[in-house]
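Student: I would like to learn how to read a ligand site in a model. Please start from the general idea and then turn to the case.

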Amino acid sequence: MEHDQTPPDQTTPDTEAAGQADFVVVANRLPVRLEDDGSWALSPGGLVSAMLPVMRERSGSWVGWDGSDDGEAQRFEFEGITLSALALSHQEREEYYGGACNETIWPLFHDAIETTQFHRETWAAYRTVNQRFADAACAELAEGGTVWVHDYQLQLVPRMIRAQRPDVRIGFYLHIPFPPLELFSRLPWRAELLAGLLGADVIGVQTQADARNVLYGVRRFCEVDDLTFAGDGGVVRTGRETSVVKAFPISVDYEAIAEQAATDEVELAVKELRKELGDPKHVLLGVDRLDYTKGIDLRLKAIHELLMEHRLDPRSTAVIQVAVPSREDVQGYDSVRNRVEQLVGTINGDYGKLGRPVVQYIHKSLPFSELLVLYRAADVLLVTPFQDGMNLVAKEYVAARVDDTGALVLSEFAGAAEELSEAFLVNPYDTEHLKEQIAAAVSMDDEEQRSHMHAMRDTVQRNDLAAWATAFLALLSIS
Ligand code: GDG
């Protein structure tokens, strides 16, 4: 690992030598990105939202890529966390990230909604880059330390670390769904991928269904001595190695969100926002990365039809859709953006008035404080993915509804549906049902809102982010 240039601004010089960290997180991306002016800024996303508070609690290193193809390997501090940046070349970015991660694994693991590509060259790059991550993690890790590897981009890393460092505890967490056997079997490198995962002592996934799918894959494609299903997961044994596979539904920092959402500042901003929107009776909100898995187009289509059928009144309804730019050079993302923007244009063209569109569409990332204002201003949150590991936006909305009002329309294919059963659950492929559920959420009376929201808030408060991390790390330290 190089220790060259220290980035400007928020960073301080490297104080800790490599190989000294008792706790190392390995993820494809660092929690920061390089801005045009050379400074580092936090970058949004589910994994970062989840892991940053966990890292702040424990001192350790975060190994990841800076997202560029001209970056340098460097090690620096950012807001109290040691970051170890890994450099990728342009070709590696194209083949590993654009290809194997986002044109093979991402679509395949999300129900193959978008055509899945299988290319030997991109898989070779996946292997090479995974080895680089494993090597970088090993360079950070102190003797007998603990490493927590994250997500679909790094599924070979646990085995690669195990091969070099039998002394360390290895955890792996998959943030996206693990596909059913019928789909997973298509992957030409299925046995290699599972062997990669089985290098970990603990393999954590979002839901019980995901845990079962991992175990079905292992039973079918791996030679193991023993495999037992138990509760919300199971155990795999081979020689002296044991891997526990278990569901750990990820969550949000409930107290921090609730506290921030209850401030006078937020209350005031909510009032101002609703006024700017023309004091509508109903505010409907969507917040998503602009990804074809999130079903943004489906919900806009449902809203359009509800307007056409006079079941939503354009004079008293405001819809806000935040669509955070994401993977813009990957196949499938361009066309979903076009579909979404066309629908926004159609709805506003048909039902908007001058200076007052029905849909407010924001195609950029907002500061989290502004998201909180939107969560508090929205009477209904629409979360309609075709497939989603968990969906933190749904849990953030629930945590932010400090007065127990509001309604959540939630796809049954989001991991969050396993816990948030009081939401208006929908099959997003069923447009008529989606419309019925949106209409029901809009017209739900206050008392009903309070009882549903209260129950959901209770669930998220009990199973918050700290509980998630503590449960995972506790199992990792004993298994
Ligand atoms: C993956 C899995 C799983 C969004 N817009 C802005 C912004 N965000 C933050 C949200 C939330 C996060 O990004 C999005 O998390 P999700 O869970 O909804 O979705 P993915 O990014 O697809 O995350 C997912 C997750 O990993 C964790 O395991 O739940 O299933 O796909 O925290 O608040 N944050 C800011 N500005 C924005 O405009 N600051």
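Tutor: The turns below cover the ligand shell and then one glycine. This is a predicted model, where local features need pLDDT of at least 70 and side-chain atom pairs count only at pLDDT 80 or more, while totals for chains, interfaces and linings use all residues. Residues are numbered from 1 along each chain as its sequence is written, and side-chain values use heavy atoms, with hydrogens and water left out.

Student: Which residues come nearest to the ligand?

Tutor: A residue is near a molecule if one of its heavy atoms lies within 4 Å of it. Around the ligand there are 23 residues, and H175, L366, D388, L392 and E396 come nearest.

Student: Which backbone or side-chain atoms lie close to an oxygen atom of the ligand, such as that of N391?

Tutor: A polar contact is a pair of N or O atoms within 3.5 Å. The side chain of H175 has an N or O atom 2.6 Å from a ligand oxygen. For K294, a polar side-chain atom is 3.0 Å from an oxygen of the ligand. N391 instead uses a backbone N or O atom, 2.9 Å from a ligand oxygen.

Student: Is G332 buried or exposed?

Tutor: Buried means under 20% relative accessible area, exposed over 50%, partly exposed in between (1.4 Å probe, protein chains only). G332 is buried, because its relative accessible area is 11%.

Student: With which residues is G332 in contact?

Tutor: Contact means heavy atoms within 4.5 Å. Leaving aside neighbours within four places in sequence, G332 is in contact with E114 and Y292. From H175, G332 is 157 residues away in sequence and 21 Å away in space, C-alpha to C-alpha.

Key
A polar contact is a pair of N or O atoms within 3.5 Å; within protein, one must be able to donate a hydrogen and the other to accept it, and residues adjacent in sequence count only if both atoms are side-chain atoms.
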